[in-house]
Amino acid sequence: MKCESCGGNLQPGDEFCQSCGAKVEAKKETVETVAQATETAYTAEAPTSQIMEPAKKAAAPVEDKPGFAIAGLVLGIITLVAWLLMPLIGYITGIVGIIMSVKGMKSSRKNMAIAGLVMCIVGLVITVGWHCAATCIIMSAMS
Ligand SMILES: [Zn+2]
């Protein structure tokens, strides 16, 4: 390696020429340019992987209706407690809740829909049972 100013010999790692005192920059600049080029290559790659992310999300099922699953679950809870207050409500919420839950099965909240369906059925059974029991009590009381 030689000095750019005077052509004198330079030792590896010298920052200044020992003959003329000129700053030795040539090699350092090359290293920095390569480092920058590598950095640019990495940053240029980054946006490509970021673009891939939303594309994957868009591939998810389009007809996702978790609202039906939530409605089924809520109606199931109402059905379970409705017979305590007004038994007739249990029939309506139970039947509507089952329909909602079945529709909600196709959504991303399948487990919620199943829970709602189970609660609606149990609630309906309790409501029917309560009505039978109440009718029996009334009948025996009247006779
Ligand atoms: Zn020199």
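1. The four donor atoms around the zinc ion subtend angles of 99 to 119°, so the arrangement is tetrahedral. The model is a predicted one, and the geometry should be read in that light.

2. The donors in question are the SG atoms of C3, C6, C17 and C20, which coordinate the zinc ion at 2.2 to 2.5 Å. Along the sequence, the spacing of these donor residues is C-x2-C-x10-C-x2-C.

3. Two of the zinc ligands can be described by their accessibility. C3 has 8% relative accessibility and therefore counts as buried, the cut-off for buried being under 20%. C6, at 41% relative accessibility, counts as partly exposed.

4. As for the fold, the protein chain has four helices and zero strands. Read in sequence order, the pattern is α-α-α-α.

5. A nonpolar patch of about 720 Å² lies on the surface, made by I70, V74, I78, V81, L84, L85, M86 and I89. Helix α2, spanning residues 66-85, gives the most to this patch, with six residues. One of the patch residues, I78, lies in helix α2. At 33% relative accessibility, I78 counts as partly exposed.

6. Some totals for the protein chain follow. Of its 143 residues, 20% count as buried. The accessible surface comes to about 10500 Å², and carbon and sulfur atoms account for 68% of that surface. Among contacts with a separation of 6 or more, 54% are between residues 24 or more positions apart.

Notes
Residues numbered from 1 in each chain as written. Predicted model: local features only at pLDDT ≥ 70, side-chain atom pairs only at ≥ 80, totals over all residues. Heavy atoms only, no water. Donors = N, O, S within 2.8 Å, 3.2 Å for Na, K, Ca; no water. Tetrahedral: all angles 85-135°; square planar, octahedral: opposite > 155°, others 65-115°. Buried < 20%, exposed > 50% of the residue type's maximum accessible area, 1.4 Å probe, protein only. Patch = residues over 30% accessible without salt bridge, like charges linked within 9 Å, V, L, I, M, F, W, Y side chains within 5 Å. Areas by Shrake-Rupley, 256 points an atom, 1.4 Å probe, with all protein chains shown as cover. Salt bridge = Lys/Arg side-chain N within 4 Å of Asp/Glu carboxyl O. Helix = DSSP H or I, 4+ residues; strand = E, 2+ residues; numbered from the N terminus. Contact = heavy atoms within 4.5 Å.
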